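Colleague: Got a minute to go through this fold with me? I'd like to talk about the sheet, the core and the pockets.

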Amino acid sequence: MKPTHIEHIGIAVKSLDEAIPFYEKVLGLTCYAIEEVKDQKVKTAFFMVGQTKIELLESTDPEGPIGKFIEKKGQGIHHIAFAQEDVGEALNQAEENGVQLIDKSPRKGAEGLDIGFLHPKSTFGVLMEFCGDPSANS
Ligand code: ZN
């Protein structure tokens with residue numbers, strides 16, 4: 001199986017309030033949702049660009065994954081998410097190919113999607129996410 005498209009690009013920002021006006025005024029996009037994902041300690045803001053979303057990530061806790069990322073690397077691209085029809089199967093297939101996984105099986109991300117992360121050690125330095133709508137298969 002292969003990804004159908006880039007589902008979203010995750011971008012770490014210090015402040016959604018500061019970053020959203022850039023995407024709206026300069027790029028002319030519309031923020032259509034803001035959502036807090038408590039177990040990831042982030043607040044997310046979404047924009048649609050064609051079939052692909054931009055997901056801005058603001059940390060709600062300096063000890064959370066985005067807080068630590070910004071501390072180490074500063075603001076910028078955090079991860080790329082590939083749309084997969086079956087996230088669990090895609091993760092299994094990656095593991096069979098020797099890829100180190102962060103998530104051995106899918107968990108729930110923003111917008112109720114199934115998500116799973118591949119470790120950047122195995123992906124040439126890019127944090128990769130597989131992402132899919134479980135209700136699309138049923
Ligand atoms: Zn993501």
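Modeller: Sure, let's take those topics in turn, and keep in mind that this is a predicted model.

Colleague: Start with the sheet, then. What's the strand order?

Modeller: The order is β2-β3-β4-β1-β5-β8-β7-β6, in an open sheet of 8 strands with mixed pairing.

Colleague: Which strands stand at the edges?

Modeller: β2 and β6. Each has a single partner strand, so one side of each is left without a neighbour in the sheet.

Colleague: And β1, how does β1 pair with β4 and with β5, parallel or antiparallel?

Modeller: With β4 the pairing is parallel, over 6 bridges. With β5 it is antiparallel, over 7 bridges.

Colleague: Can you give me a residue pair for each of those?

Modeller: On the β4 side, Val 13 has Glu 58 as its bridge partner. On the β5 side, Gly 10 is partnered by His 79.

Colleague: OK, over to the β2 edge. How many bridges link β2 and β3?

Modeller: There are 6, in the antiparallel sense, between β2 at residues 31-37 and β3 at residues 42-49. Cys 31 has Phe 47 as its bridge partner in β3, and Ala 33 stands opposite Phe 46.

Colleague: How many residues sit between β2 and β3 in that hairpin?

Modeller: 4 residues. Lys 41 is in that turn, with a positive phi of about 55°.

Colleague: Why does a positive phi catch your eye?

Modeller: Because most residues other than glycine have a negative phi.

Colleague: Is Lys 41 buried, partly exposed or exposed?

Modeller: Lys 41 is partly exposed, with a relative accessible area of 34%.

Colleague: Which other non-glycine residue has a positive phi?

Modeller: Phe 124 is one, with phi at about 60°. You'll find Phe 124 in the loop between β7 and β8. At 84% relative accessibility, Phe 124 counts as exposed, because the cut-off for exposed is over 50%.

Colleague: Let's switch to the inside. Which residues make up the largest nonpolar core?

Modeller: There are 12 residues in all: Ile 11, Val 13, Leu 16, Ala 19, Ile 20, Tyr 23, Leu 29, Cys 31, Ala 45, Phe 47, Ile 54 and Leu 56. At least two residues of this core come from each of β1 (5-13), α1 (16-26), β3 and β4 (52-59).

Colleague: Which element gives the most?

Modeller: That's α1, with 4 residues.

Colleague: So Cys 31 and Phe 47 turn up again?

Modeller: Right, the two bridge partners from the hairpin are both members of the core. Val 13, the partner of Glu 58 in β4, is a core member too. As a general point, nonpolar side chains tend to be buried together in soluble globular proteins.

Colleague: Zoom in on Ile 11. What is Ile 11 in contact with, leaving aside neighbours within four places in sequence?

Modeller: Ile 11 is in contact with Tyr 23, Ile 54, Glu 55, Leu 56, Leu 57, Gly 76, Ile 77 and His 78. Of those contacts, Tyr 23, Ile 54 and Leu 56 are also listed in the core.

Colleague: Now the pockets. What volume does the largest pocket have?

Modeller: About 380 Å³. The lining has 17 residues, of which Phe 69, Lys 73, His 78, Pro 120 and Leu 127 lie nearest the centre. His 78 is also one of the contacts of Ile 11.

Colleague: Which element supplies the largest share of that lining?

Modeller: α2 does, with 5 residues.

Colleague: What's the chemistry of the lining like, in numbers?

Modeller: The lining divides into 8 nonpolar, 5 polar and 4 charged residues.

Colleague: And the second largest pocket, how much space lies in there?

Modeller: About 330 Å³. That pocket is lined by 25 residues, of which Gln 40, His 79, Ile 115, Phe 117 and Glu 129 lie nearest its centre. His 79 came up earlier as the partner of Gly 10.

Colleague: Which element gives the most there?

Modeller: β3, with 3 residues. The lining splits into 13 nonpolar, 6 polar and 6 charged residues.

Colleague: Last one: where does Lys 68 sit, and what does Lys 68 touch beyond four places in sequence?

Modeller: Lys 68 is in helix α2 and touches Pro 62 and Glu 63. At 45% relative accessibility, Lys 68 counts as partly exposed.

Conventions:
Residues are numbered from 1 along each chain as its sequence is written. This is a predicted model: local features need pLDDT of at least 70, side-chain atom pairs count only at pLDDT 80 or more; totals for chains, interfaces and linings use all residues. Side-chain values use heavy atoms; hydrogens and water are left out. Two strands pair if DSSP finds at least two bridges between them. A nonpolar core is a set of buried Ala, Val, Leu, Ile, Met, Phe, Trp, Tyr and Cys residues joined through side-chain atoms within 4.5 Å. Buried means under 20% relative accessible area, exposed over 50%, partly exposed in between (1.4 Å probe, protein chains only). Contact means heavy atoms within 4.5 Å. On a 1 Å grid over the protein atoms alone, a cavity is a set of points where a 1.4 Å probe fits but cannot get out, and a pocket is an open set with protein on both sides within 12 Å along at least five of seven lines; lining residues have an atom within 4 Å of a point. Grid points are joined across faces, edges and corners, and a volume is the space filled by probe spheres set on the points. Ala, Val, Leu, Ile, Met, Phe, Trp, Tyr, Cys and Pro count as nonpolar, Asp, Glu, Lys and Arg as charged, and the others, Gly among them, as polar.
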